[in-house]
Amino acid sequence: MALSIRGYAAQSATTPLAPHAFERRDPRPDDVVIDILYCGVCHSDIHQARNEWGNSTYPMVPGHEIIGRVASVGSKVTAFKPGDMVGVGCMVDSCQHCDACAQGLEQYCKEVPTFTYNGTDRRDGLPTYGGYSERIVVSDKFVLSVPDGIDPKAAAPLLCAGITTWSPLRHWKIGKGNKVAVIGLGGLGHMGLKFAKALGADVTLFTRSPGKEAEARRLGADHVVLSTDPEQMKAVAGQFDFILDTVPHQHDLNPYLATLKLNGVHVLVGLVEPIDPPVHSGGLIFGRHSIAGSLIGGIAETQEMLDFCAKHGIGADVEMIKIQDINDAYGRMLKSDVRYRFVIDLASLTA
């Protein structure tokens with residue numbers, strides 16, 4: 001029978017999130033039922049709750065950085081058992097048969113992955129609801145094992161902010177001998193610094209804000225460049241193999257492209273709108289530079305990331321909140337008033 005669930009939902013693009021009761025599906029033989037302990041708060045939660053991408057359906061229960069304990073498993077599930085610490089990220093299903101899915105890159109599913117919230121279940125057509133809730137039901141193929149050695153609270157943002165920065169670093173084979181720059185020091189940027197450093201790269205932070213050097217070095221940066229200072233930008237011209245751009249709004253790419261080496265790549269992971277101002281093609285042609293994009297990560301590489309984090313003692317820097325404070329947290333996020341990711345303690349839902 002269907003599960004009665006408590007959570008917090010947006011009822012429209014203009015109303016604050018508020019308590020909401022809903023139903024989850026009757027668990028299938030391949031399902032894992034998870035009691036949610038923690039859920040990270042992603043900037044995309046705000047975009048979706050406020051219909052800023054134009055595809056929102058209501059009521060909406062946001063949340064796709066989910067950590068919890070297995071409550072029960074279906075008869076066909078062998079990889080998980082009750083009591084296991086597990087995670088669920090941005091996807092809960094995909095077609096499982098296209099070229100992308102066959103490569104373990106479910107995020108690029110040709111038939112579009114089923115997203116953890118504001119999506120539609122591809123089997124029963126019902127809406128999907130996210131992690132701002134007490135329990136979730138997910139196909140075992142999209143459940144991740146959280147290894148010992150990671151603080152579960154700090155693991156939650158790894159399932160979006162973490163994998164979004166890990167995937168491009170791994171795809172472009174970043175490691176010892178590479179010079180990497182990260183643009184922006186926020187939820188994504190702070191993870192990019194940690195990962196690039198742990199992978200062995202020489203790491204630089206580009207920032208528009210003076211006074212971040214000590215914090216950036218704590219997170220793994222070897223150097224800090226103030227991108228608003230023409231002299232500092234000139235001093236790093238032609239230096240970087242790889243730039244990880246985490247800025248989520250329109251900004252000028254041209255000054256950063258000038259800092260790439262021959263064959264260097266500038267990867268966008270935060271910008272999901274047109275590039276403005278335009279990129280000067282000469283900056284690409286004369287250095288064989290590339291602009292690329294990257295979207296979250298597949299299930300296998302997300303598990304690889306979690307295992308790497310456990311081995312190297314990496315987690316997100318988080319601020320814990322109660323679910324009752326989610327609307328205030330949204331306001332603070334829009335002011336960049338968080339270091340560096342809010343995580344909801346779902347025990348507060350029943351307090």
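These legends accompany close-up views of one predicted protein model.

**View 1. The whole chain, with its 11 helices and 17 strands.**
Start with the overall frame. The C-alpha atoms fill a box of roughly 65 × 40 × 35 Å along the principal axes. The radius of gyration is 20 Å, which agrees with the value near 20 Å for a compact globule of 351 residues. Buried residues account for 56% of the 351. Among contacts with a separation of 6 or more, 67% link residues 24 or more positions apart.

**View 2. The surface and charges of the protein chain.**
The accessible surface is about 15,200 Å². Carbon and sulfur atoms hold 52% of that area. The chain carries 33 positive and 39 negative side chains. The centres of these two sets lie 4 Å apart.

**View 3. The largest nonpolar core, a set of 91 residues.**
Five residues touch the most other members: Val41, Tyr132, Leu158, Phe195 and Ile326. Strand β3, residues 31–40, gives the most to this core, with six residues. Another core lies apart from it and has 15 residues. Among them are Met233, Leu253, Tyr256 and Leu268.

**View 4. Leu158 and its contacts.**
Leu158 is one of the residues that touch the most other members of the largest nonpolar core. Neighbours within four places in sequence are left aside here. Leu158 is then in contact with Ile150, Ile163, Met191 and Phe195, among others. Its contacts also include Met305, Leu306, Cys309, Ile314 and Ala316. Phe195 appears on both lists: it is a contact of Leu158, and it too touches the most other core members.

**View 5. Leu185, in the loop between β10 and α5.**
Strand β10 covers residues 179–183, and helix α5 covers 187–198. Leu185 has 12% relative accessibility, so it counts as buried, the cut-off being under 20%. Beyond its neighbours within four places in sequence, Leu185 is in contact with His190, Leu193, Leu205 and Lys212, as well as Glu215, Leu219 and Tyr340. Leu284 is 99 residues away along the chain, and its C-alpha atom is 26 Å from that of Leu185.

**View 6. Asp328, in helix α11.**
The helix spans residues 326–334. Asp328 is exposed, with a relative accessible area of 56%. Pro16 is 312 residues from Asp328 in sequence. In space, their C-alpha atoms are 9.7 Å apart.

**View 7. Two cis peptide bonds, at Pro59 and Pro277.**
One joins Tyr58 and Pro59, with omega about 0°. Pro59 sits in the loop between α1 (43–49) and β4 (66–73). The other runs from Asp276 to Pro277, with omega near 5°. Pro277 belongs to the loop between β14 (260–268) and α9 (281–285).

**View 8. Positive phi angles at Asn263 and Ile296.**
Neither residue is a glycine. Asn263 has a phi of about 70° and lies in strand β14. At 42% relative accessibility, Asn263 counts as partly exposed. Ile296 has a phi of about 25°. This residue lies in the loop between β15 (290–293) and α10 (299–312). Ile296 is buried, with a relative accessible area of 9%.

Definitions and conventions. Residues are numbered from 1 along each chain as its sequence is written. This is a predicted model: local features need pLDDT of at least 70, side-chain atom pairs count only at pLDDT 80 or more; totals for chains, interfaces and linings use all residues. Side-chain values use heavy atoms; hydrogens and water are left out. A nonpolar core is a set of buried Ala, Val, Leu, Ile, Met, Phe, Trp, Tyr and Cys residues joined through side-chain atoms within 4.5 Å. Buried means under 20% relative accessible area, exposed over 50%, partly exposed in between (1.4 Å probe, protein chains only). Helices (H or I, at least four residues) and strands (E, at least two) are DSSP runs, numbered from the N terminus. Contact means heavy atoms within 4.5 Å. The radius of gyration is taken over C-alpha atoms; the globule rule is 2.2 Å times the number of residues to the power 0.38. Accessible areas come from the Shrake-Rupley method with a 1.4 Å probe; for residues, only the protein chains shown count as cover. Lys and Arg count as positive and Asp and Glu as negative; His and the chain ends are not counted. The place of a charge is taken as NZ of Lys, CZ of Arg, CG of Asp or CD of Glu.
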